[in-house]
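Biologist: I would like a close look at a single part of this model. Please take it step by step and keep it plain.

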Amino acid sequence: MRNVKVLVVGPFNAGKTTFIKTLTGLSITTDVEVTSPEERRKKRWTTVGMDFGIVNIGDGYVIRIFGSPGQPRFSFMWKVLSIGAHGIIFMLDSSDREYITTATEEFRKALSQFAKVPMVVAANKQDMPDALKPDEVRFVLGAPLSVPVLPCVAIDKTRAWLVLGSLLELVIGQEKRMT
Ligand SMILES: Nc1nc2c(ncn2[C@@H]2O[C@H](COP(=O)(O)OP(=O)(O)OP(=O)(O)O)[C@@H](O)[C@H]2O)c(=O)[nH]1
Ligand SMILES: [Mg+2]
């Protein structure tokens with residue numbers, strides 16, 4: 001049996017909880033009602049602790065997916081939740097141009113904090129007509145070529161799987177090279 005720990009980080013409203021729910025059914029979430037009027041314009045619920053779900057992908061692999069809160073006041077949770085993580089998904093809402101600067105700042109933090117862990121960027125909400133395409137997201141974030149920037153639709157199981165699968169290829173590939 002091989003346990004793989006994946007952490008999903010990214011700004012408020014990126015789709016992190018939705019992604020984990022779509023893939024795992026979600027065992028734990030800590031969403032509460034949003035109080036800030038500005039954030040409430042975007043949505044009603046936000047994560048204040050963590051999301052957690054498990055998925056068994058066969059071949060003895062069990063994937064444990066953790067999701068961080070997106071509100072800046074909970075940024076300390078990255079450190080807590082990333083202990084022992086094998087892979088990171090940095091997710092952003094590609095259709096929210098207002099939040100792109102925040103996403104870029106957060107991505108820089110993620111790059112330095114998770115420098116030794118395989119990472120992919122999930123350019124989420126690709127079903128929205130005004131969503132930035134993955135190559136545009138790469139440009140805006142200034143993502144290095146070593147970090148894949150993948151199209152994502154967290155509400156769609158097949159498309160969410162493609163993102164998780166790409167990260168697992170990186171994680172499992174790295175593990176094989178080291179053994
Ligand atoms: N159209 C579309 N909407 C999405 C997609 N993924 C998530 N959403 C919506 O985006 C909103 C935010 O989703 P959440 O999963 O709560 O986002 P989050 O990143 O967990 O948010 P915080 O925990 O508050 O940081 C919800 O209304 C979701 O239904 C997607 O791929 N497409
Ligand atoms: Mg959430």
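Biologist: Which residues of helix 1 are buried? Please describe the surroundings of that helix as well.

Modeller: This is a predicted model, and what follows should be read that way. The buried residues of helix 1 are Lys16, Thr17, Thr18, Phe19, Ile20, Thr22 and Leu23. To count as buried, a residue needs 20 or more other C-beta atoms within 10 Å of its own. Seven of the nine residues in helix 1 are buried, so the helix is largely enclosed by the rest of the structure. Just after helix 1 comes Gly25, with a positive phi near 85 degrees.

One neighbour is helix 6. Two packed helices are described by the angle between their axes and the distance between those axes. Helix 1, residues 16-24, packs against helix 6, residues 157-178, at an angle of about 100 degrees, and the axes are 9 Å apart. Helix 1 and helix 6 are therefore roughly perpendicular to each other. From helix 1, the residues that take part are Phe19, Thr22 and Leu23; from helix 6, they are Lys157, Ala160, Trp161 and Leu164. Sorted by class, this contact has five nonpolar residues, one polar and one charged. Phe19, Thr22 and Leu23 thus appear twice, as residues of the contact with helix 6 and as buried residues of helix 1.

The other neighbour is ligand 1. Around ligand 1 there are 19 residues, of which Gly15, Thr17, Thr46, Thr47 and Gly70 come nearest. Two elements give two or more residues to this shell: helix 1 and strand 3 (45-47). Helix 1 has the largest share, with three residues. By class, the shell holds seven nonpolar, eight polar and four charged residues. Thr17 is one of the residues nearest to ligand 1 and is also among the buried residues of helix 1.

For the wider setting, consider the largest nonpolar core. This core has 44 residues, and Ile89 and Val121 touch the most other members. Ile89 is in contact with Val6, Val8, Val120, Ala122, Val163 and Leu167, leaving aside its neighbours within four places in sequence. Val163 and Leu167 fall within the residue range of helix 6, 157-178.

Elsewhere, Ala103 lies in helix 4, residues 100-113. Ala103 counts as buried because 23 C-beta neighbours lie inside 10 Å. Not counting residues up to four places away in sequence, Ala103 touches Pro11, Leu92 and Leu141.

Technical notes
Residues are numbered from 1 along each chain as its sequence is written. Chains are lettered from A and ligands numbered from 1 in the order in which they are written. This is a predicted model: local features need pLDDT of at least 70, side-chain atom pairs count only at pLDDT 80 or more; totals for chains, interfaces and linings use all residues. A nonpolar core is a set of buried Ala, Val, Leu, Ile, Met, Phe, Trp, Tyr and Cys residues joined through C-beta atoms within 7 Å. A residue is buried if 20 or more other C-beta atoms lie within 10 Å of its own, exposed if 12 or fewer, and partly exposed in between; C-beta atoms are placed from the backbone. Two residues are in contact if their C-beta atoms, placed from the backbone, lie within 7 Å. Axes are lines fitted to C-alpha atoms, for helices over the stretch in contact, and angles run from 0 to 180 degrees between N-to-C directions. Helices (H or I, at least four residues) and strands (E, at least two) are DSSP runs, numbered from the N terminus. Angles under 35 degrees count as roughly parallel, over 145 as roughly antiparallel, 65 to 115 as roughly perpendicular and the rest as oblique. Ala, Val, Leu, Ile, Met, Phe, Trp, Tyr, Cys and Pro count as nonpolar, Asp, Glu, Lys and Arg as charged, and the others, Gly among them, as polar. A residue is near a molecule or strand if its C-beta atom, placed from the backbone, lies within 6 Å of it.
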